[in-house]
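Please load the coordinates in your viewer and keep a selection box at hand. The stops below are meant to be taken in order, with a cartoon view for the strands and sticks for the side chains.

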Amino acid sequence: MLHTLFRTVIRRSMAASASASASASASTSGPEPARVPIPKNGVDYRGTVVLAPMVRSGELPSRLLALKYGADLVWGPETIDRAIIGTTRRLNPHTNTLEWSRLPTSKIKNPHLDPENRESVLYRIHPALEKGKLIYQMGTANPELAVQAAKMVAADVAGIDVNSGCPKPFSTAGGMGAALLKTPDLLCRILTSLVEEVGKPYEIGISVKIRILDDPDHTRALVERLVKTGITGLTVHCRTTPMRPRERAIRGQLKMVGEICRAAGVACVMNGDVTSRTEALALIKEFNVDGAMIATEAEKNPSCFRSDAEGGPHEWKTNWKTVVAEYMKLALLVENRWGNTKYLLGQMIPGREDAYKAMNRSKCYADVVNALGLQDVDVDGEHLLAKARVVDGHLGIPKEELSKAQKRQRVKESQALEEQEQEQEQETGQDRDHGLPDAKRVKVPDSAVVDGSMASTAEVATALAA
């Protein structure tokens with residue numbers, strides 16, 4: 001399966017390059033437009049239809065599925081700067097993925113909570129399948145922390161994107177996300193620092209994602225400043241900060257933003273109510289921008305990136321099982337966190353289907369493979385059910401169901417051990433972090449370590465902002 005997916009991604013990449021070359025050739029009759037140089041290890045956003053950064057739907061198997069169905073680039077979920085700083089980067093031998101992980105503060109203080117001492121994985125990539133395709137999105141409100149965080153991943157991604165568009169509290173807390181639209185001086189310092197201290201040394205592009213402002217003149221003034229920072233791309237979400245996804249996108253300012261970007265040689269990507277590749281290409285032409293980003297639609301129907309010539313996204317309505325089967329193969333391939341997999345299945349399986357209820361009752365991968373009738377699906381010569389059982393073992397699921405009495409006993413044991421440790425500290429005059437590296441501790445909520453694997457970006461961000 002890995003070889004098949006790799007060939008699919010490479011084939012689509014070659015097709016996209018050919019299309020971009022053809023477009024460039026067609027435009028040679030007129031004056032050559034200004035273009036910010038694309039660094040050697042970076043990627044040009046022009047002529048692309050891409051997966052948006054989303055907290056749950058931007059995890060690794062979702063990104064790989066988007067690439068399989070034709071996404072030209074994929075954004076990872078927003079990751080807070082302080083969360084990635086101090087993590088350990090290592091190769092997972094089971095999945096051939098790179099992981100950035102740390103031990104949560106709760107486990108440092110109370111090792112008995114998890115005798116196996118499993119770390120929380122904050123970020124995960126597949127270096128073979130995402131090479132040249134992955135954009136790392138960062139939540140930050142500090143130039144120095146932004147640079148430190150970006151350097152943790154810069155050698156492994158095609159670009160760094162600063163989130164200044166997310167309106168949710170976990171992002172805006174501490175001045176991040178859409179809050180940066182109110183502090184343009186700070187946002188420009190962050191981008192300039194990233195360009196000079198990360199983009200140039202690592203030869204990758206730096207970009208930013210914004211929302212439109214209520215007053216078009218204010219949007220113009222902001223964009224004119226941002227394109228002078230050295231960025232290679234700018235994504236504009238055609239909604240204001242208070243607007244929610246259910247509210248129709250406002251595209252009245254889009255041409256203006258695109259014109260400013262084009263004059264500066266910066267690629268402009270539109271976002272907001274884009275539902276398919278065909279629609280994306282039509283909107284790119286209509287508003288004279290360089291690319292389009294798909295968000296909500298990709299959650300329930302990752303095949304939305306397919307061209308009409310390849311079947312388009314529409315057959316998902318009747319053949320959703322095919323999309324779900326492909327997602328399950330990838331989730332097992334990378335041993336995705338079970339909670340995240342179950343959430344995405346809930347988005348992709350129509351709620352009226354019996355399989356939806358059966359999936360909701362599942363407590364592990366083997367359960368859901370049986371519930372969906374995928375037992376005999378072949379994955380590199382192995383049945384999906386057999387693969388699911390192996391992955392369940394690696395992830396330690398399903399969890400042992402404890403009785404109320406057992407839970408009360410666990411709490412008592414935890415409290416007793418905590419009191420014992422406090423007494424020892426008072427006697428020795430040392431704290432529990434004595435002798436540990438002088439790095440800032442990041443508290444990762446216990447709820448984020450459901451199976452010792454991927455921690456939710458939103459949960460980490462909320463903890464950091466607390």
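The tour goes through a sheet, a side chain in a strand, the salt bridges and the cysteines of this predicted model.

**Stop one: a sheet**

Begin by selecting residues 88–92 and 120–125, which are strands S4 and S6, and then add residues 97–102, which make up strand S5. Together these form an open sheet of 3 strands in the order S4-S5-S6, and the pairing is antiparallel. Strands S4 and S6 stand at the edges, and because each has a single partner strand, one side of each is left without a neighbour in the sheet. Looking across the sheet, you should find a twist that averages 30 degrees from one strand to the next.

Now keep S5 and S6 alone on display, and follow the 5 bridges over which these two strands pair in the antiparallel sense. For a single example, pick Leu98, whose bridge partner in S6 is Ile125. In general, the strands of a sheet pair through backbone hydrogen bonds, either parallel or antiparallel.

**Stop two: Ser207**

Select Ser207 next, which is found in strand S9, residues 205–211. Is this side chain's residue, Ser207, buried or exposed? Ser207 has a relative accessible area of 1%, which is under the 20% limit, and therefore counts as buried. Show Tyr45 as sticks as well, since the side chains of Ser207 and Tyr45 are joined by a polar contact of 2.9 Å. If residues up to four places away in sequence are left aside, Ser207 touches Tyr45, Ile160, Asp161, Val162, Leu191, Ile231 and Gly233, and displaying this set shows the surroundings of Ser207.

**Stop three: salt bridges**

A search of the whole structure gives 15 salt bridges, and a few of them are visited here. As general background, side chains of opposite charge can pair when their charged atoms come close.

Select Asp72 and Arg277, whose side chains meet in a salt bridge with an N to O distance of 3.2 Å. This pair links distant parts of the chain, 205 residues apart, with Asp72 in the loop between helix H2 (60–68) and strand S2 (73–75) and Arg277 in helix H10 (residues 277–287). Both Asp72 and Arg277 are buried.

Move on to helix H7, residues 184–202, where Lys200 and Glu196 are separated by about one helical turn, being 4 residues apart. Lys200 forms a salt bridge with Glu196, and the closest N and O atoms are 2.8 Å apart. Lys200 counts as exposed, at 52% relative accessibility, whereas Glu196 is partly exposed, at 41%.

In helix H11 (residues 296–300), select Lys300 and Glu297, which lie 3 residues apart, about one turn of the helix. Their side chains meet in a salt bridge at 3.9 Å, N to O. Lys300 counts as partly exposed at 35% relative accessibility, while Glu297, at 18%, is buried. To complete this stop, select Arg35, Asp44 and Arg46, which are joined into one network by salt bridges that share partners.

**Stop four: cysteines**

How many disulfides does the model contain? With a disulfide taken as a pair of cysteine sulfur atoms within 2.5 Å, the count comes to 0. Two cysteines can nevertheless be selected here: Cys304, which is buried with a relative accessible area of 0%, and Cys364, which also counts as buried, at 5% relative accessibility.

Definitions and conventions
Residues are numbered from 1 along each chain as its sequence is written. This is a predicted model: local features need pLDDT of at least 70, side-chain atom pairs count only at pLDDT 80 or more; totals for chains, interfaces and linings use all residues. Side-chain values use heavy atoms; hydrogens and water are left out. Two strands pair if DSSP finds at least two bridges between them. Axes are lines fitted to C-alpha atoms, for helices over the stretch in contact, and angles run from 0 to 180 degrees between N-to-C directions. Buried means under 20% relative accessible area, exposed over 50%, partly exposed in between (1.4 Å probe, protein chains only). A polar contact is a pair of N or O atoms within 3.5 Å; within protein, one must be able to donate a hydrogen and the other to accept it, and residues adjacent in sequence count only if both atoms are side-chain atoms. Contact means heavy atoms within 4.5 Å. A salt bridge is a side-chain nitrogen of Lys or Arg within 4 Å of a carboxyl oxygen of Asp or Glu.
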